[in-house]
Amino acid sequence: MKELSLHVMDIVENSLNAGATVVEIKIVEDSKKDLLAIEIRDNGMGMDEETAKKALDPFFTSRTTRKVGLGLPLLAQAAKTAGGDVTVHSRPGEGTVVKAWFKKSHIDLQPLGNMAGTVASLVALHPDVDFIYRHVIDGRLFRFHLREIRKRLQDVPVNNPLVVDWIRKFISDNLKEINGGAEGWG
């Protein structure tokens, strides 16, 4: 994958396949610490300790449709290539937390990509899931919680194309604002 946002999309799809109804995506960019961190937390079925350890092995998958599982191993490779790493914490019935971190100034760091488009696409495809997206850039926080948007819309579906376009623009505009007006580096 060429962008970290595509890794995020893939990991979230894994969460949804595991029955998650709440998915939290958190991205922290810290220039002083030279850090980019991604955390994806879900309330899916979770994994036992042995399965969680195997999750980073490309030749292991819990899927029955194919014999390899590349999402987490590709994210781990991207993180290690950029001076970081990935951890997976999970318990049966308690969900899963995937954390990835990268050295922000590393020449091999993949671009973050279009997080506004990623979150809007997830909402369009999975309107019943409660998505929470937090993005922190050097201490400035943007927070998006689909449950709050859903309350304001009342009977309008969150996957209405006009709503999805608004969500994409809302996130994009706020990311630009916490990035000091810049488009971002993704």
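Two strands are taken to pair if DSSP finds at least two bridges between them. Helices (H or I, at least four residues) and strands (E, at least two) are DSSP runs numbered from the N terminus. The structure is a predicted model, in which local features need pLDDT of at least 70 and side-chain atom pairs count only at pLDDT 80 or more, whereas totals for chains, interfaces and linings use all residues. Residues are numbered from 1 along each chain as its sequence is written, and side-chain values use heavy atoms, with hydrogens and water left out.

The protein chain comprises six helices and six strands, which follow one another along the sequence in the pattern α-β-β-α-α-β-β-α-β-β-α-α. The C-alpha trace spans about 40 × 40 × 25 Å along its principal axes. The radius of gyration, taken over C-alpha atoms, is compared with a globule rule of 2.2 Å times the number of residues to the power 0.38. For 186 residues a compact globule would have a value near 16 Å, and the 16 Å of the protein chain agrees with this. Contact denotes heavy atoms within 4.5 Å. Of the contacts with a separation of 6 or more, 61% join residues 24 or more positions apart.

The six strands form an open sheet of mixed pairing, in the order β3-β4-β2-β1-β5-β6. At its edges stand β3 (85–91) and β6, each of which pairs on one side only. Angles run from 0 to 180 degrees between N-to-C directions, with axes fitted as lines to C-alpha atoms, for helices over the stretch in contact. Neighbouring strands of this sheet are turned against each other by 10 degrees on average, direction ignored. The edge strand β3 pairs with β4 (residues 95–103) in the antiparallel sense over seven bridges; S90 has T96 in β4 as its bridge partner. Helix α5 lies across β5 and β6 and runs at about 55 degrees to β6. Helix α6 also packs on the sheet, where it touches β5 and β6, and its direction makes about 170 degrees with that of β6.

Residues are classed as buried under 20% relative accessible area, exposed over 50% and partly exposed in between (1.4 Å probe, protein chains only). Buried residues make up 41% of the protein chain. A nonpolar core is a set of buried Ala, Val, Leu, Ile, Met, Phe, Trp, Tyr and Cys residues joined through side-chain atoms within 4.5 Å. The largest such core has 49 residues, and F102, Y133 and F144 have the most contacts inside it. Beyond its neighbours within four places in sequence, F102 is in contact with residues including L4, D34, L75 and L109.

Helix α4 (residues 115–125) is mostly covered, with eight of its 11 residues buried. Among the elements that cover these buried residues are α1, β1 (22–30), β5 (130–137) and α6 (161–178). At the N-terminal end of α4, N114 acts as a cap, with a side-chain oxygen 3.3 Å from the backbone nitrogen of A116. S5, found in helix α1 (residues 4–17), counts as buried because its relative accessibility is 2%. Apart from neighbours within four places in sequence, S5 is in contact with L112, G113, N114, M115 and T118.

A contrasting environment is found at E94, in the loop between β3 and β4. E94 counts as exposed because its relative accessibility is 55%. With neighbours within four places in sequence left aside, E94 is in contact with D42, G44 and M45.

Note on methods
A polar contact is a pair of N or O atoms within 3.5 Å; within protein, one must be able to donate a hydrogen and the other to accept it, and residues adjacent in sequence count only if both atoms are side-chain atoms.
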